[in-house]
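These are my notebook entries on a set of ligand sites, metal sites and single residues. I set down each item as I looked it up.

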Amino acid sequence: MELTTELATKWFELYVQSIQEHKDQLNELDTAIGDGDHGTNMLRGVEQVQTVLQQQATANLSDLLKQVAFALISKVGGASGPLYGTALLDMSKYVQEHDSQLSNLIASGAAGIKRRGQSQVGDKTMLDVWQPVADDLANNQFNSSNLDQHLQATADLEAKKGRASYLGERSVGHLDPGAKSSELLFDCLLQVLNK
Amino acid sequence: MELTTELATKWFELYVQSIQEHKDQLNELDTAIGDGDHGTNMLRGVEQVQTVLQQQATANLSDLLKQVAFALISKVGGASGPLYGTALLDMSKYVQEHDSQLSNLIASGAAGIKRRGQSQVGDKTMLDVWQPVADDLANNQFNSSNLDQHLQATADLEAKKGRASYLGERSVGHLDPGAKSSELLFDCLLQVLNK
Amino acid sequence: MKKIINQVSEIVPEMVQGIVQASNGLLRQLPDTQVVIRNDEQFQTKIQVGLVSGGGSGHEPLHAGFVGEGMLTAAVCGEIFTSPTPDQILAAIKEADQGQGVLLIVKNYSGDVMNFDMAKEMAQADNIKVESIIVDDDISIPDSQQGRRGVAGTVLVEKILGAAARQGCTLEQLQQLGQQVIDNTKTLGIALQAATVPAVGHPGFELANDEIEYGVGIHNERGYSTEKLQSAQKLAQELLTKILAEFDANKNDEFAVLVNGMGATPLMEQYIFLNNVLEELQKQGIKVTFTKVGNLVTSIDMSGLSLTLVKLDNGWQDYLTQNVTTLGW
Amino acid sequence: MKKIINQVSEIVPEMVQGIVQASNGLLRQLPDTQVVIRNDEQFQTKIQVGLVSGGGSGHEPLHAGFVGEGMLTAAVCGEIFTSPTPDQILAAIKEADQGQGVLLIVKNYSGDVMNFDMAKEMAQADNIKVESIIVDDDISIPDSQQGRRGVAGTVLVEKILGAAARQGCTLEQLQQLGQQVIDNTKTLGIALQAATVPAVGHPGFELANDEIEYGVGIHNERGYSTEKLQSAQKLAQELLTKILAEFDANKNDEFAVLVNGMGATPLMEQYIFLNNVLEELQKQGIKVTFTKVGNLVTSIDMSGLSLTLVKLDNGWQDYLTQNVTTLGW
Ligand SMILES: Nc1ncnc2c1ncn2[C@@H]1O[C@H](COP(=O)(O)OP(=O)(O)O)[C@@H](O)[C@H]1O
Ligand SMILES: Nc1ncnc2c1ncn2[C@@H]1O[C@H](COP(=O)(O)OP(=O)(O)O)[C@@H](O)[C@H]1O
Ligand SMILES: [Mg+2]
Ligand SMILES: [Mg+2]
Ligand SMILES: [Mg+2]
Ligand SMILES: [Mg+2]
């Protein structure tokens with residue numbers, strides 16, 4: 001499946017709304033095992049994404065991804081800003097250098113998170129949604145129920161990266177906030193693809 | 001009436017005891033309209049006076065008064081240290097230059113307080129005990145009941161000097177702590193004279 | 001009471017030892033006293049008028065933190081909130097005197113004034129030239145017989161005189177300059193929470209969670225009114241109005257501004273407050289040529305701050321700006 | 001929550017404006033950023049490697065208060081307890097670069113590390129020579145994948161590197177020196193009361209009136225245990241034992257000691273604590289050649305302090321002692 005500029009624009013428009021709606025939930029998840037600001041951080045970012053989307057009507061896919069990446073990088077701060085930003089920046093580069101196959105794109109995004117965060121699958125981070133989604137896409141198993149399962153699976157993990165890792169075992173039993181905001185992202189993608 | 005070295009020694013010995021016994025009461029009076037340390041300050045002083053008395057057995061009256069003055073000056077601090085110290089220092093000088101008449105001595109002490117504290121009778125300070133006692137001595141009216149009256153009279157005054165003066169009218173209704181410690185001093189003198 | 005201390009009675013001597021050791025050899029303590037004095041090389045080699053200050057402890061870094069090249073020669077540390085005794089002050093004077101005389105910088109409290117006066121008389125009897133000035137910058141109480149209190153402005157007096165003394169001013173010049181600075185220095189403070197004096201064990205007075213106290217002193221004295229907490233901007237306007245009313249300033253005057261933290265208020269709030277103060281002064285067309293922010297004259301662990309304005313005369317801004325080597329400036 | 005502020009969302013920009021204005025022209029703010037950079041004459045005339053640090057706000061005077069001649073070139077101020085973004089860091093790097101390259105001093109938190117890393121990559125893409133070092137001096141958590149946190153020791157790293165950069169060291173030399181200093185810097189902190197993050201409005205965790213928390217971070221992270229409050233002497237022994245165990249020191253080693261206040265703890269307590277620390281070190285025959293005390297790396301209005309030891313190498317003591325012109329050192 002190919003990602004087009006049009007699809008991507010709709011995808012990010014939906015995501016802006018979704019973060020606005022879920023800001024408090026993300027803050028709450030982050031209060032339990034972090035510092036309580038993940039929703040606030042992401043909201044600062046998507047507000048800037050909205051501005052970019054309004055100005056970027058004619059951009060090609062690689063440029064669009066880059067602009068969204070820059071918006072997130074320059075407004076989110078904290079840990080999630082550079083992670084989402086790197087993921088989208090790497091996707092933008094991938095489009096420019098290779099193709100716009102969705103499964104390849106998300107895989108390159110996941111690789112970006114891994115590289116930037118020095119993290120691995122199982123560390124209880126957003127990567128624990130990105131990587132399985134990339135795999136699902138490659139195997140034609142990208143659907144709502146699988147997506148939800150990936151998110152829920154983060155509850156059982158002990159955090160090895162990010163602020164939650166200071167809690168050690170006490171991080172078990174909670175969803176990872178970055179995994180939740182990633183689940184929201186891919187839920188928006190599903191909605192766009194299914195239209 | 002003449003003050004002798006022997007009388008003075010007994011007088012100050014009694015005063016050391018009296019301050020030890022009344023320390024808490026003096027602190028309480030100072031808590032109401034000051035900073036709550038007048039008993040603690042005076043105790044630091046009389047402990048040093050005790051040391052001086054033990055070492056000064058053979059001194060003449062002027063020297064004895066000077067040593068007691070130095071003990072108070074170097075240990076009390078705050079406002080009361082220099083005031084008691086100056087009173088006794090001026091008494092020591094008076095003995096050296098004039099005579100050892102008790103009424104003259106206390107009058108010179110009161111004058112010293114006035115000068116050091118830039119205070120006047122009626123300012124609600126220790127001077128409101130020292131000055132009337134000097135007058136009583138001159139008029140042969142130095143007795144327990146008059147002494148107590150001078151102390152009690154400080155309750156009605158509004159403080160014009162010292163920390164209590166920051167309270168303005170709210171200082172009325174309380175005894176002045178320095179007046180109380182002065183009343184204790186002259187009460188000891190009465191005991192010594194009446195033996 | 002939650003404090004990192006040992007015995008209450010040992011607070012001042014242990015603290016003074018800490019101060020001296022924190023100075024990496026720039027300060028030393030006079031034996032058997034709580035006097036802290038310069039120990040830097042220049043002090044041995046360059047002769048000037050000595051500057052001695054002191055008072056009750058609990059206002060750190062004042063005064064010991066301002067001893068050093070370009071500021072004070074020595075500081076006398078009394079018990080907490082209690083004036084030091086004349087013998088200690090005299091010891092400081094004697095060591096500070098390099099033959100050019102010594103100026104005493106005294107905050108206006110009866111205990112301080114009297115103990116420093118006695119020490120001055122004792123030193124004069126020893127043929128040392130000693131003069132004193134009395135700092136009374138706090139405008140929160142009406143000018144009475146007792147006079148106004150000496151508070152945060154003291155540090156600016158010490159800074160200006162320190163630079164002037166280093167530059168070679170005589171004792172008489174310094175006394176005169178000091179009095180001029182004092183006459184042009186006005187301070188007003190607020191508290192969000194009272195200090196806990198160690199010997200007492202609880203805050204000196206209680207304020208509700210939304211209340212502040214206007215016009216506090218630096219010894220837990222309550223101020224002139226208790227009000228609801230306002231924004232930094234409103235607070236700045238309120239304090240400025242009261243302080244500016246004390247000056248008869250004209251358009252060409254230049255001012256120094258000091259925002260002083262009381263001990264437990266973070267720099268974050270002090271900088272925000274400064275920003276509002278300068279905004280307001282600019283609005284009113286009042287020129288500021290020197291600013292300073294920090295915990296300089298504290299009241300143990302009081303929450304709050306004070307604002308000081310100095311109407312500057314010729315050269316004072318330069319004196320304020322010059323580098324010094326102290327723990328606290 | 002009782003704070004002297006205006007809108008919570010405006011705290012950082014208003015504070016940064018305050019900091020710049022408090023500097024009397026020694027600092028300036030890069031337009032449209034929360035970057036504070038040197039503005040003194042020497043910066044224009046004397047070329048050296050740039051030193052850039054930054055991180056979440058709430059640790060004042062760190063980092064902006066350490067920008068100036070002899071210390072940092074620029075500081076990037078993030079939201080409270082939130083890493084700044086790469087574009088702001090990049091702006092700082094560009095202005096700090098004088099053609100000799102720029103060293104980034106980063107505290108070890110994933111947000112800080114990643115944002116500074118991205119800025120580094122962006123700058124390198126612009127052909128600016130940039131390297132970075134990660135400070136991880138906090139020994140309260142066992143060394144994990146995530147690594148240890150960067151806390152108060154950061155200021156000593158900045159001081160040593162600042163002096164070395166001024167002296168003309170190259171980027172590579174500074175990076176190497178920085179890593180050596182970090183490897184020899186160990187910190188442990190305690191809290192008597194947690195900080196109140198303005199956006200949260202109440203203390204981050206609760207401690208009873210006789211409890212302290214051992215091993216806290218500088219972002220209200222709880223530590224490894226909650227204990228009864230002890231005397232300053234016992235506290236000093238406890239922290240020293242844990243810190244000294246991290247060094248394999250021998251009798252000839254020399255140490256620097258930093259007692260750092262967390263924001264609401266008065267200097268009085270910090271000096272008493274230093275006195276106990278030095279007493280204990282002397283008992284153990286451990287040589288101290290540099291000491292520093294003060295609120296340097298704070299956690300908003302937390303009560304508490306941290307103790308840092310640096311095992312000194314050749315010349316470091318000199319770097320620590322040299323004068324600088326900053327708001328906060
Ligand atoms: N090293 C890392 N690798 C991958 N993801 C990480 C890493 N560190 C943190 N995260 C993600 O970032 C999320 C937290 O983001 P956020 O709260 O915005 O930043 P901060 O932790 O700086 O407050 C975590 O829930 C986790 O998913
Ligand atoms: N200017 C003054 N003249 C005369 N007596 C004074 C003056 N100032 C203070 N006092 C006396 O000193 C007493 C307070 O002494 P003390 O509590 O030991 O000192 P401080 O006020 O410094 O704490 C007052 O009760 C008053 O009698
Ligand atoms: Mg977070
Ligand atoms: Mg008193
Ligand atoms: Mg007192
Ligand atoms: Mg955060």
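Entry 1, a metal site in chain A. I looked up the accessibility of A:D37 and found a relative value of 15%, so A:D37 counts as buried, the cut-off for buried being under 20%. A:D35 stands at 33% relative accessibility and therefore counts as partly exposed. I note here that the model is a predicted one.

I then asked which protein residues serve as donors of the magnesium ion (ligand 6). They are A:D35 and A:D37, each through OD, at 2.1 to 2.2 Å from the ion. A:D35 also coordinates a second ion: the magnesium ion (ligand 3) lies 3.6 Å from the magnesium ion (ligand 6), and A:D35 coordinates both.

Entry 2, ligand 1. I followed A:D35 to ligand 1, where a polar side-chain atom of A:D35 lies 2.8 Å from a ligand oxygen atom. An N or O atom in the side chain of A:S80 is 2.5 Å from an oxygen atom of ligand 1. For A:A79 the contact is through the backbone, with a polar atom 2.9 Å from an oxygen atom of the ligand. I recorded the cover next: ligand 1 taken alone exposes 570 Å², of which the protein buries 96%.

I counted 20 residues around ligand 1, and the nearest are A:D35, A:H38, A:A79, A:S80 and A:D176. By class, this shell holds four nonpolar, 10 polar and six charged residues. In chain A, α2 (38-55), α4 (80-97) and α8 (177-193) each give at least two residues to the shell. Which chains surround ligand 1? Both A and D contribute residues, so the site is shared between chains.

Entry 3, ligand 2. I repeated the search at ligand 2 and again obtained a list of 20 residues, with B:D35, B:H38, B:A79, B:S80 and B:D176 as the closest. Here the residues come from chains B and C, so this site too is shared between chains. The shell divides into four nonpolar, 10 polar and six charged residues.

I listed three contacts to oxygen atoms of ligand 2. A polar backbone atom of B:A79 is 2.9 Å from one such atom. For B:M126, a backbone N or O atom lies at 3.1 Å. B:R163 contributes a polar side-chain atom at 3.5 Å. Taken alone, ligand 2 exposes 570 Å², and the protein buries 95% of that area. The elements of chain B that give two or more residues to the shell are α2 (38-55), α4 (80-97) and α8 (177-193).

Entry 4, a metal site in chain B. How many protein donors does the magnesium ion (ligand 4) have, and which are they? I found B:D30, B:D35 and B:D37, each through OD, at 2.0 to 2.2 Å from the ion. Along the chain these donors follow the spacing D-x4-D-x1-D. B:D30 and B:D37 are both buried. B:D35 bridges the magnesium ion (ligand 4) and the magnesium ion (ligand 5), the two ions being 3.6 Å apart.

Entry 5, B:E21. Is B:E21 buried or exposed? Its relative accessibility is 60%, so B:E21 counts as exposed, the cut-off for exposed being over 50%. I located B:E21 in helix α1 (residues 5-33) of chain B. B:E21 and B:G39 are 18 residues apart in sequence, and their C-alpha atoms are 9.8 Å apart in space.

Entry 6, C:E213. I placed C:E213 in strand β8 (residues 211-214) of chain C. C:E213 has a relative accessible area of 2% and is therefore buried. I looked up the contacts of its side chain. The side chain of C:E213 makes a polar contact with that of C:R222 at 3.0 Å, and it reaches the backbone nitrogen of C:G223 at 2.8 Å.

Entry 7, chains C and D. I superposed chain D on chain C: the operation is a rotation of 180 degrees with 0.0 Å of shift along its axis, at an RMSD of 0.0 Å. The two copies are thus related as by a two-fold rotation axis. Which residue of chain D comes closest to the rotation axis? I found D:A264, whose C-alpha lies 1.9 Å from the axis.

Conventions:
Residues numbered from 1 in each chain as written. Chains lettered and ligands numbered in written order. Predicted model: local features only at pLDDT ≥ 70, side-chain atom pairs only at ≥ 80, totals over all residues. Heavy atoms only, no water. Near = heavy atom within 4 Å. Polar contact = N/O pair within 3.5 Å; in protein donor to acceptor, adjacent residues only side chain to side chain. Areas by Shrake-Rupley, 256 points an atom, 1.4 Å probe, with all protein chains shown as cover. Helix = DSSP H or I, 4+ residues; strand = E, 2+ residues; numbered from the N terminus. Nonpolar A, V, L, I, M, F, W, Y, C, P; charged D, E, K, R; others polar. Donors = N, O, S within 2.8 Å, 3.2 Å for Na, K, Ca; no water. Buried < 20%, exposed > 50% of the residue type's maximum accessible area, 1.4 Å probe, protein only. Least-squares fit on C-alpha atoms with pLDDT ≥ 70 in both.
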